[in-house]
Amino acid sequence: MAMNRRDTFKLAGVAAAAVALPTMATASEKKSTAKKASGKSVVIVGGGFGGLTMAKALRQKDKSLEVTVIEKSNMFMACPFSNSLLGGLDGVTLDTFIGDYYQPSAKHGYAFVHATVTAIDRKAKIVTTTNGDFAYDILVLSPGIAYDTAKQFPKWSADKVREIEHACPGGLIPGNEHVALKRQLDNMDDGNVIIVPPAKGKFRCPPAPYERTAMVANFMKNEGIKGKVIVLDTRNGKFAKAKAFKESWKDLFSDIIEYKGLTEVIDIDTAAKTITYKEYKDADDLEGKMQTTKYEVCNLIPNNKCSPVITMAGLETNGSGYALMDGYSFKSKTDSNVYVIGDAVSHGIPPSGQTAIWGSHRAAGQIIDQLNGKVNDPKAGLPAKAANVCYSMVGGKPEEAIMVTHTFSADKSGVLKGKGHVPKPKDGNGKFRSKGTAKATREWFGGVMREMFT
Ligand SMILES: Cc1cc2nc3c(=O)[nH]c(=O)nc-3n(C[C@H](O)[C@H](O)[C@H](O)COP(=O)(O)OP(=O)(O)OC[C@H]3O[C@@H](n4cnc5c(N)ncnc54)[C@H](O)[C@@H]3O)c2cc1C
C-alpha cells in the first residue's frame with residue numbers, strides 16, 4: 001500500500017516516542033545533570049503573576065540569592081484586563097498584554113529558563129525539565145490552574161473534550177484561547193454569543209465571566225451585531241460583584257444580555273453550532289427543561305482544578321489539587337522547603353493576579369527569614385486591608401468600571417481568609433460603576449505589568 005505524507009509523519013512520531021521511552025526515568029533514578037545548590041538556590045516553577053513577582057522580590061531583598069524561574073511558555077501574556085480586548089476598547093491590542101521575560105531577569109539578575117517541568121524529586125531537591133535538571137534549596141511553585149473538563153462532562157470522549165476546548169475556548173488560561181475568542185468575535189455574523197461560567201468550585205478570577213459578558217455586549221453594540229449575549233450559569237445570580245454587574249447590565253445592555261441562573265450544559269454540537277442545556281425553574285425543580293440554542297460564538301469556561309505540578313511534587317492537596325498550606329504561611333504543609341503561591345494555594349483568598357503579587361511579597365519575606373535561620377511570624381501584618389483589589393470593565397462608551405476590595409485575615413480556621421467589599425465610587429452618581437474606576441482599572445493594569453517587567 002502506498003504511504004502518503006501524513007502516514008510518514010505519523011510513523012515518524014511513533015518512532016520518536018519509542019526512542020524517547022527508555023529515557024523516561026524519574027529524577028532520582030537517573031544521574032542528575034543539575035549543578036549543586038549553593039545553599040541559597042531558589043527555583044521558581046511558573047513565570048506568571050506569582051513567579052515573576054517572587055523572583056524580583058527575592059533578588060531585591062537579597063542579592064546573594066541564586067534565583068531561577070522555569071516557565072513553559074516563551075512569551076508572557078496577561079489575563080487581567082483581557083476582556084477589554086474582546087470588548088474592543090480604545091487602544092487595546094494584543095500587544096497590551098505581552099511581556100518580555102528577558103527584560104526583568106536581566107535587570108534583577110535572576111535566571112530565566114524556557115522549559116516545561118516534568119518531574120520534581122523533593123528528596124533529592126531536584127526539578128527535572130525539558131531543558132535540564134535544577135537543584136534547589138527552596139522551591140517555589142506558582143503553576144496556576146488547569147481545566148477539569150473531562151470530570152465535568154464524563155460522557156464526552158477525550159477527542160470531544162479537545163474538540164470543544166478548541167471550538168469554544170475558555171479564555172481563562174493566557175495565550176491562544178484569547179486570540180481564538182477575539183478572532184471568532186471579529187468574524188461573527190448576527191447571532192448569539194454564549195458564555196458559560198465554570199459550573200462549580202473555586203475558579204480563577206471569579207468576576208471574569210461576568211466582566212466578559214459586559215465587554216462582549218459592548219462589542220456587539222458598537223459593531224451593530226444583532227444578537228444576544230446569553231449567560232448559562234449555575235449560580236442563580238449569586239456571583240462576584242453581582243449587584244454591581246447586574247446594575248450595569250440593566251442600565252447599559254438590557255436588550256443584549258440574557259442571564260439564565262439555573263442551567264446545566266449537556267452537549268455542544270460544534271458543527272451545527274448549537275448548545276443543549278437544561279434550564280431549571282428554581283432550586284426545587286429537579287427535572288429541568290431541555291433547550292437547544294444556536295450560537296455564533298461559544299465561550300465554555302470549564303471547571304478549574306489546580307495545575308498538575310502540585311501533585312507532581314507529591315504535596316498534600318485538597319480535592320481539586322490545590323496545595324495544603326502550613327498555617328497562615330505560604331509554605332506547603334508537606335515540605336518546609338517548598339512554598340506555593342498564586343492560584344495554586346488552598347488559602348481562602350480569591351485567586352487573582354493581585355493576590356498572587358501580595359502573596360509573593362509575603363512569601364519572599366518568609367523564604368529569606370528561613371534561609372537566614374530567623375523565625376517568621378506568618379500572622380505579622382494581618383489583617384491586611386485591601387490586599388486584593390479587582391476591577392471589572394462594564395462599559396465602553398463611555399468607559400466605566402466597577403471594583404471589589406478584599407481584606408485578608410487569619411481567622412481561627414488556620415487558613416488565610418478574604419472578606420470582600422464592593423464600594424460605590426464618589427463619581428458614580430449613586431451607581432456602582434464610574435469613569436474614574438475605569439481610569440483606575442487601566443492604571444492598575446499598567447502598574448502590575450510594571451511590577452513584573454521593570
Ligand atoms: C479573563 C481574566 C481576567 C482576569 N482579571 C483579573 C483582574 O482584573 N485582576 C486580578 O488581580 N486578576 C485577574 N485575573 C486572574 C489572574 O490572571 C490570575 O489569578 C493570576 O495569573 C494567577 O497567577 P499565578 O502565578 O498563580 O498563575 P499564572 O499567572 O497563570 O502563571 C502560571 C505559570 O506557570 C506556567 N507553568 C504551568 N505549568 C508549568 C510547567 N509544568 N513547567 C513550566 N511552567 C509551567 C504557566 O505557563 C504560567 O505562565 C484574571 C484572569 C482572567 C483569565
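Start at the hairpin of β6 and β7: select Lys 125, which takes a positive phi near 55 degrees in a connection with four residues between the strands. Helices (H or I, at least four residues) and strands (E, at least two) are DSSP runs, numbered from the N terminus. What you have open is a predicted model, in which local features need pLDDT of at least 70, side-chain atom pairs count only at pLDDT 80 or more, and totals for chains, interfaces and linings use all residues. Residues are numbered from 1 along each chain as its sequence is written.

Now show both strands of that hairpin. Strand β6 (residues 117-121) runs antiparallel to β7, and four bridges join them; two strands pair if DSSP finds at least two bridges between them. To see one such bridge, pick Val 117 and its partner in β7, Thr 129.

Next, turn on the side chains of β7 (residues 126-129). Ile 126 and Thr 128 point one way, while Val 127 and Thr 129 point the other. In a regular strand the side chains alternate between the two faces of the sheet. Are these β7 residues buried or exposed? All are buried, that is, 20 or more other C-beta atoms lie within 10 Å of a residue's own (exposed is 12 or fewer, partly exposed in between), with C-beta atoms placed from the backbone.

Follow the chain onward. Two residues make the hairpin link from β7 to β8, and β8 (residues 132-135) pairs with β7 in the antiparallel sense over four bridges. Select Phe 134 in β8 to find the residue opposite Val 127.

Then move to the ligand. Which residues come nearest to the ligand? Of the 37 around it, they are Gly 46, Gly 48, Gly 50, Gly 144 and Gly 342, where a residue is near if its C-beta atom, placed from the backbone, lies within 6 Å. Colour α2 (49-61), β2 (66-71), α11 (353-371) and β20 (384-396), the elements that give two or more residues to this shell. Domain 1 and domain 2 each supply at least three shell residues.

Finally, colour by domain: domain 1 is 41-144 + 307-377 and domain 2 is 153-303, with bounds from an automatic or database domain assignment. Their centres, taken over C-alpha atoms, are 30 Å apart. The contact takes 17 residues from domain 1 and 20 residues from domain 2, counting pairs whose C-beta atoms, placed from the backbone, lie within 7 Å. End on helix α3 (residues 83-87), which with five residues gives the most to domain 1's side of that contact.

Key. Two residues are in contact if their C-beta atoms, placed from the backbone, lie within 7 Å.
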